[in-house]
Amino acid sequence: MAALVLAVVAVAACVHLGMVFLHVAPSNTVSKQHAQAIDDWIYPEFEQNWKLFAPNPLQQNIAVQVRAEVGTADGGTRTTGWYDLSAEDGRAIEGNPVPSHTQQNELRRAWDLYGATHDGDNRPVGLRGALAEQYLRRLVVLRLDRSRAAGAGGVVERVQVRCRITDVPPPEWSGEKARGAPVYRLLPWWTVPADEARGGVR
């Protein structure tokens, strides 16, 4: 039995490494022929990017925030304040010399994927738009569940996500100008399906 489990784990690891290799490798016959299968395996959890090595790195602080419309135990509804999920992630890794990849990047990558698959009017562009929206919605609902946002007997019925973008002040010698006030991107309200509303999707 142990040998069978070990064999299954080894095969899964080899498949995963092969898929990641084909995703990051230059375009070739195999990656072109199996592009859909590779994308289905990689996105959204295992996407790779090279921004760390970019000649012009990101010069903005991006904070993802969420609020919820909650159905209360007495049959009413209430709207929560904004939860700054990016700030919560920052506090969670503060002082940790080896924070996990998930702690550092899960929320940021979910937002990046949404931005890359939607236009300025929040309409999907491409085949991964619905997946990106579902992934971001599930992620913020789980975070609200951990924060007990619904309260006793309450259920999260709808969520709204926004992004606060603040320019990093440039060095004095650069001559660049930064915007003084943050800029917000506000997404529409999303209805939360019943299987997600009580944190059921893990």
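Tyr184 touches Gln65, Arg162, Cys163 and Arg164, leaving aside residues up to four places away in sequence. These contacts come from a predicted model. Tyr184 belongs to strand 5, which covers residues 183-186. Its relative accessible area is 43%, so Tyr184 is partly exposed. In sequence, Tyr184 and Ala63 are 121 residues apart. In space, their C-alpha atoms are 9.5 Å apart.

Arg162, one of the residues that Tyr184 touches, also takes part in a charge-ring arrangement. The charged end of Arg162 sits over the ring of Trp82. The distance from that charged end to the ring centre is 4.1 Å.

Aromatic pairing was examined next. The count comes to 2 aromatic pairs, with ring centres required to lie within 6.5 Å. The rings of Trp111 and Tyr114 have centres 5.9 Å apart and planes at 25°. Planes under 30 degrees apart count as stacked, so the pair of Trp111 and Tyr114 is stacked. Both residues lie in helix 5, residues 101-116. They are 3 residues apart, about one turn of the helix. Both Trp111 and Tyr114 are buried.

The rings of Tyr114 and Trp190 also pair. Their centres are 5.8 Å apart and their planes stand at 55°, so this pair is tilted. Tyr114 lies in helix 5, whereas Trp190 lies in strand 6, residues 190-191. The pair therefore ties together parts that are 76 residues apart in sequence. Tyr114 has a relative accessibility of 1% and so counts as buried. Trp190, with a relative accessible area of 6%, is buried because the cut-off is under 20%. Ring pairs thus link Trp111, Tyr114 and Trp190 into a cluster.

Helix 1 was checked for its length. The helix holds 23 residues, from 2 to 24. At 1.5 Å a residue, helix 1 should span 33 Å. The expected span takes one less than the number of residues. The end C-alpha atoms of helix 1 are 33 Å apart, so the model agrees with the expected span. Within helix 1, Met19, Val20 and Leu22 are buried. The cover over the buried residues of helix 1 includes helix 2 (29-33) and helix 3 (35-42).

Notes: Residues are numbered from 1 along each chain as its sequence is written. This is a predicted model: local features need pLDDT of at least 70, side-chain atom pairs count only at pLDDT 80 or more; totals for chains, interfaces and linings use all residues. Side-chain values use heavy atoms; hydrogens and water are left out. Helices (H or I, at least four residues) and strands (E, at least two) are DSSP runs, numbered from the N terminus. Buried means under 20% relative accessible area, exposed over 50%, partly exposed in between (1.4 Å probe, protein chains only). Contact means heavy atoms within 4.5 Å. Rings of Phe, Tyr and Trp (its six-membered ring) pair if their centres lie within 6.5 Å; planes under 30 degrees apart count as stacked, over 60 as edge-to-face and the rest as tilted. A charge sits over a ring if NZ of Lys or CZ of Arg is within 6 Å of the ring centre and within 35 degrees of the ring normal.
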